[in-house]
Amino acid sequence: MSVLVLILAVSAACCLGFGFVLQQNAAQKAPLSDFLRPRLLLDLMKVPRWLGGIGLMVAGMVLGAIALGHGEISLVEPLLATNLLFALALSRHQTKQPLGRQGWSGLALLAGGVCAFILAGQPHSGHAISNPLRHWLIIGVTVGLALLLTTFAKRSRLSSGPVLLAIAAGLLYGVQDALTRVSGQRFSEGGLTEVLTGWQPYGVLVIGVTGLILVQSAFETAPLRMSLPALTAAQPLAGILCGVGFLGDRLRTDTGALAWEAAGLAAVVVGIVLLGLHPAMPCGTGEREPARDLQPH
């Protein structure tokens, strides 16, 4: 594994984790009438804390894109999932909660699962699948599932809705990472003209804005511990699916390696859930703040 890719991916995870916490701190005060509407972003743009969180998220996405340009998506995505460790660190600083058995267990499972998956799978580059049907099938199924989850979330927005929205956003972000890597490859091959003549960068933009609305709506209607674990777990799974499905990523496929890869991904998901449900994670105000509280003081 390239040291550069490791540094870039972990730095991206740090920015994303800190950014998510700041975004949720602001979004939980947004009026419920903004739920799943672009107006939510317009209202949140008035809040300095949210803008700081978005700035960190953008920095994380840029670092992640550079990491994807130097490494396989099947390698970068599990490393990006460690953003929850940094989110927990900032949340713990805010809430003064000790890690305890649950926190340390989640940390060990997440870190150990990432290491097990990478060491067992040994992600490496192969030949990308040129069949466009394969591309559209995988992207279509993933995006379609995200839209289906969003539809269900609109019907149950204060119960299971935030979790469904977070999963949907994670799936979209996984596809976005895959399209970002394709755009980077096109840039390397033909420069800016080659990038702008393809549909991938525009897909990145549309998916990014859509995912942002879903994430902020999830943050608006529920504590961070309900939404962030689902988001963090769904993104690497979708990214790895795209990487292996059509980007040409290769993993070891012997029986022992597959067993360790599956165990590693399972440990990552369980660790994410344990950390996300940790008492240090912000639990929200419990009451809706009036819309005027969104104005900066």
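Start by selecting Ala280 and the residues around it: setting aside neighbours within four places in sequence, Ala280 is in contact with Leu88, Ser91, Arg92, Thr95 and Gln97. You will find Ala280 in the segment after helix H11, which covers residues 255-276. Is Ala280 buried or exposed? With a relative accessibility of 0%, Ala280 counts as buried. Now add Pro98 to the selection and draw a distance between the two C-alpha atoms: Ala280 and Pro98 are 182 residues apart along the chain, yet their C-alpha atoms are separated by 7.4 Å. Keep in mind while you look around that this is a predicted model.

**Zoom out to the whole chain**

Switch to a cartoon view. The protein chain has eleven helices and two strands. Followed from the N terminus, the elements run α-α-α-α-α-α-β-α-α-α-α-β-α. Along its principal axes, the C-alpha trace spans about 55 × 45 × 35 Å. How does the radius of gyration fit the chain length? A compact globule of 297 residues would have a radius of gyration near 19 Å, and the protein chain agrees, because its own value is 19 Å.

The link you saw at Ala280 leads on to a figure for the chain. Among contacts between residues at least 6 apart in sequence, 87% join residues at least 24 apart.

**Surface and charge**

Turn on a surface. The accessible surface of the protein chain comes to about 13300 Å², and carbon and sulfur atoms account for 68% of that area. Of the 297 residues, 51% are buried. Colour by charge next: there are 19 positive and 14 negative side chains, with the centres of the two sets 8 Å apart.

**Gly53, inside helix H3**

Select Gly53, which sits in helix H3, residues 48-70. Gly53 is buried, at a relative accessible area of 0%. Which residues does Gly53 touch, leaving aside neighbours within four places in sequence? They are Gly19, Leu22 and Gln23. For a distance, pick Ala26: the C-alpha atoms of Gly53 and Ala26 are 9.1 Å apart, with their positions 27 residues apart along the chain.

**Helix H6 and the loop after it**

Move to Ala108, in helix H6, residues 100-121. Ala108 is partly exposed, with a relative accessible area of 48%. Add Gln24 and look at the C-alpha separation, which is 25 Å for this pair 84 residues apart along the chain.

Now select Gln122, in the loop between H6 and strand E1 (124-125). Check the backbone torsions here: most residues other than glycine have a negative phi. Gln122 is not a glycine, but its phi is positive, at about 45 degrees. The relative accessible area of Gln122 is 45%, which makes this residue partly exposed.

**Last stop: the cysteines**

Finish by selecting the cysteine sulfurs. How many disulfides does a search of the whole structure find? The search finds zero. Cys14 shows why: the closest cysteine sulfur, in Cys15, is 5.5 Å away, too far for a bond. Cys115 is in no disulfide either, and the nearest cysteine sulfur, that of Cys14, is 18 Å from its own. Colour both by accessibility to close the tour: Cys14 is partly exposed at 21% relative accessible area, and Cys115 is partly exposed at 45%.

Notes: Residues numbered from 1 in each chain as written. Predicted model: local features only at pLDDT ≥ 70, side-chain atom pairs only at ≥ 80, totals over all residues. Heavy atoms only, no water. Helix = DSSP H or I, 4+ residues; strand = E, 2+ residues; numbered from the N terminus. Rg over C-alpha atoms; globule rule 2.2 N^0.38 Å. Buried < 20%, exposed > 50% of the residue type's maximum accessible area, 1.4 Å probe, protein only. Contact = heavy atoms within 4.5 Å. Areas by Shrake-Rupley, 256 points an atom, 1.4 Å probe, with all protein chains shown as cover. Lys, Arg positive; Asp, Glu negative; His and termini not counted. Charge placed at Lys NZ, Arg CZ, Asp CG, Glu CD. Disulfide = S-S within 2.5 Å.
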